[in-house]
Amino acid sequence: MLTVEGDEMGRLADWVLGHRRIVVLTWLALAVVGGVLAPTTIDRLGFDFSTPGQPAYEANQAIVEQFGTGGGVDPLAVTVALPEGSSIAENREELAAVVDRLRQPGWRVASPLDEGTAAEVLAAEGTAVVLVWPPAVEGPAPYAAALPQLEGALQGVTVAGVEPVVTGTPLLAEGGGEERPIIVEIAFGAGGAIVVLVLVFGSLLALVPLLVAAVAITTTFLLVLALTTVTDVSFIVQYLVGLIGLGVAIDYSLLVVMRWREERAAGADDLTAVRTAMTTAGRAVVFSGVTVAISLLTLVVLPLPFLRTVGFGGLFIPLVSVLVALTLLPVVLASAGRRLEWPRREARGSESRTWRRIGTTVVRHRWVSAVLATALLLLLASPVLGIRLGSPQVSAIATGSSPAATAFQELTGDGLPAGLVRPVEVLTGDRTAAVERLSEVEGVAGVLAPEGEAWQAGGTGLVDVVLADDPSSMAGREALTAVRAAADELPGTRVGGTAAGDADSVEAIYGNAWWVLPLVVVITFALLAPALRSIWLPVKALLLNVVSIAAAYGMTVWIWQEGNLTDTLFGASATGTLTFWVPVAAFSFLFGLSMDYEVFILSRIREGRDAGMSTDEATVHGVAYTGRLVTSAALILFLAFVALSTVPVVDVKIFATTLALGILLDATVVRGVLTPALVAVLGDVNWWWPFDRPRHLPAHAAPRHGAPRHAHARSTRA
């Protein structure tokens, strides 16, 4: 069990201040090396979302091993616009020329001209589609090597004078724009942060949290580079390090710097102010950072490799930020803090009159505040009851006016099935029986079973089942389940494809890992209870976290899955589902980040209580001294997540939306209203701690209620 006493933090402060040159040079070296090698780190990140051991994954591996194409990568769709009122037969010769160009060595092709293929799912009045499975490569663009070859093959080929257009989920998922470096999103987030920090500090001191964040981010990238030498690390980690790292490091810096300013305003000299800030705010930083790290255990223990690497990468973020905030930051404050107060030379305390009024109002009307805040959160959380997990529907990523998006919109508009670009791949020893059985399944538009070596080898073959609806829609999910059940009736038949892989991923995360949440809750309680010397404060904090995160989920479902405000905010349509990894990843980060604010507030309330205040007075005191800190820190994180939402990947946008809404709700409704209201409601019950020994505070440690607080009257309990 982790305990950090004020004396230990004081000794750390003394050591750091006594070895300033070593501290600065060490962090400078790590930051420079990490910054220089950051591009290398990013280049080494992977795009593998595999689920080893799951049925669809194993089927996809067998498909790729035997045929060299498909499996876990959807096909490209070459769309051909037919003259109005004409049929396939009338354009057969020109269409055959297109198909012949696409039959490259090692490529798999299904066209409406093939024998054994349900032509009606590949052709409609006005449109014909040829599905092409080239060999895929690792990376964000699986057909990066094949696309130039395909485009070259189609060069100069037309049908009724119109050139074919290539679409498909691999192209649509790229967002229709050029890939941009993570530094762009970091710059957006940092720009928002500097505005908030300038408003908070009104001096050059605003640059100090950004300095801490820069050192923490570059050092974390260095650790991620080391991690890539032993395992594949997901590309998602770069966004977490860059943007969550920015917010977390600034949060921790704000807590320490604002406490340092408060001590100076109370008359302490620079070194004493640094030491007191370390023994109070620094202790809260340790607990907050460790709590964030513990919440990421949710990802580390899950049976999905890419989520494990996200968890490990995420673990580095708070831990490095804590180390920088507790070592480099005290040196900067002690050495240059007073000079950085320019142009505001007079130190200002941390108490906010606005937040004191808010705290007083909430405590006075505790029951009304608690009931209204809870009702609001439950209302916002209600859409989560209809949550569906998988991949976004293709229509959600086929937005905009790019050729690929327009082609998909036209083929579905002409009546072709929405599931065409995400067919279910079926590996079987009896193709005839598979076609016959699977064609009968409700919700199946047709089965593709062309002849040729690209489709049959070694006594087994492939058929592709086209669902009438998008596999991520409710109807499509039901049809997929029925296809898998029908395939189980055929001996030696295995079902793969991306849709089946999504279903298995959902089961792997949420079906077999139910014990992860209780594990994180128990560990967090064991950490917070002795830190706050209370049984009920941690219980309350954990319950509020669950309600807060549920509300964030509910709003994300309402926006993305149901399509409310999606077009207005993101220029996208309803996804129909939430990306399967978003809820668990968002939980891991929101649980820890939300607990940050809870620890900040409760630590200050506990400090007031230890100084002799009543519960009501200590609650108002805690809100008054942390309200501005929490709202400023939350606003910075919110802006970082807004920057994250500009990444041209729908999955990342959904993730960023969940995080942004979670932080916004948590810092306002939960920590600004519900937390102080419930502390006031519980009264003396908050402080029940059966293991506490009688504590004899010095006479000067308990200021008179309402009297000015002096520097020497600080409690070392955060």
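Q: In which loop is leucine 565 found?
A: Leucine 565 belongs to the loop that lies between helix H21 (536–561) and helix H22 (566–570). The model described here is a predicted one.

Q: What makes leucine 565 count as partly exposed?
A: Its relative accessibility is 43%. Buried requires a value under 20% and exposed a value over 50%, with partly exposed in between. Leucine 565, at 43%, therefore counts as partly exposed.

Q: What is the value of phi in leucine 565?
A: Phi of leucine 565 is near 70 degrees, which is a positive value in a residue other than glycine.

Q: Which class of exposure applies to alanine 160, and how do you know?
A: Alanine 160 is found in the loop between helix H5 (146–153) and strand E5 (165–167). Its relative accessibility is 37%, and the interval between 20% and 50% is the one called partly exposed. Alanine 160 therefore counts as partly exposed. Its phi, near 55 degrees, is also positive in a residue other than glycine.

Q: Why is glutamate 341 called buried?
A: The relative accessible area of glutamate 341 is 0%. The limit for buried is under 20%, so glutamate 341 meets it. This residue lies in the loop between H12 and helix H13 (353–364).

Q: What is glutamate 341 in contact with, leaving aside its neighbours within four places in sequence?
A: The residues in contact with glutamate 341 are Ser203, Leu205, Trp260, Arg261 and Arg264. As for arginine 259, 82 residues away along the chain, its C-alpha atom is separated from that of glutamate 341 by 14 Å.

Q: Why is strand E4 described as largely enclosed by the rest of the structure?
A: Strand E4 covers residues 127–133, and seven of its seven residues are buried, so the strand is largely enclosed. Thr127, Val129, Leu131 and Trp133 point one way from E4, whereas Ala128, Val130 and Val132 point the other way, and all are buried.

Q: How do you know that E4 pairs with strand E1, with strand E2 and with strand E3?
A: Pairing calls for at least two bridges between two strands. E1 (residues 76–81) and E4 have six bridges, E2 (residues 108–110) and E4 have three, and E3 (residues 123–124) and E4 have two. Each of these counts meets the limit, so E4 pairs with E1, E2 and E3. The sense is antiparallel for E1, for E2 and for E3.

Q: Which residues of E4 are the bridge partners of threonine 79, valine 109 and alanine 123?
A: Threonine 79 has valine 129 as its partner, valine 109 has valine 132, and alanine 123 has alanine 128.

Q: What do E3 and E4 form, and what is the phi of glycine 126?
A: E3 and E4 form a hairpin with two residues between them. Glycine 126, in the turn, has a positive phi of about 100 degrees.

Q: Why are H9 and H23 called roughly parallel?
A: Helix H9 (residues 236–265) and helix H23 (residues 582–610) pack at an angle of about 5 degrees, and their axes are 12 Å apart. Angles under 35 degrees count as roughly parallel, and H9 and H23 therefore fall in that class. Among the residues that meet are Leu240, Tyr252 and Arg259 in H9 and Phe589, Tyr597 and Arg604 in H23. By class, this contact has nine nonpolar, no polar and six charged residues.

Q: What makes H8 oblique to H12?
A: The axes of helix H8 (residues 207–228) and helix H12 (residues 305–336) come within 8 Å and cross at roughly 140 degrees. Roughly antiparallel needs an angle over 145 degrees, and roughly perpendicular one of 65 to 115. The angle lies between these classes, so H8 is oblique to H12. Their crossing is right-handed. The contact includes Leu211 and Val215 of H8, and Phe312 and Phe316 of H12. Its residues divide into 17 nonpolar, five polar and no charged.

Q: How do you know that H2 is oblique to H12?
A: Helix H2 (residues 20–43) packs against H12 at about 125 degrees, with the axes 10 Å apart. That angle exceeds the 115 of the perpendicular class but is under 145, so H2 is oblique to H12. The crossing of H2 and H12 is left-handed. Arg20, Val23, Val24 and Trp27 in H2 meet residues of H12 that include Leu323 and Val331. The contact divides into eight nonpolar, two polar and one charged.

How values were computed:
Residues numbered from 1 in each chain as written. Predicted model: local features only at pLDDT ≥ 70, side-chain atom pairs only at ≥ 80, totals over all residues. Heavy atoms only, no water. Axes fitted to C-alpha atoms, helices over the stretch in contact; angles between N-to-C directions. Helix = DSSP H or I, 4+ residues; strand = E, 2+ residues; numbered from the N terminus. Left-handed = near helix turned anticlockwise from the far one by under 90°. Contact = heavy atoms within 4.5 Å. Nonpolar A, V, L, I, M, F, W, Y, C, P; charged D, E, K, R; others polar. Buried < 20%, exposed > 50% of the residue type's maximum accessible area, 1.4 Å probe, protein only.
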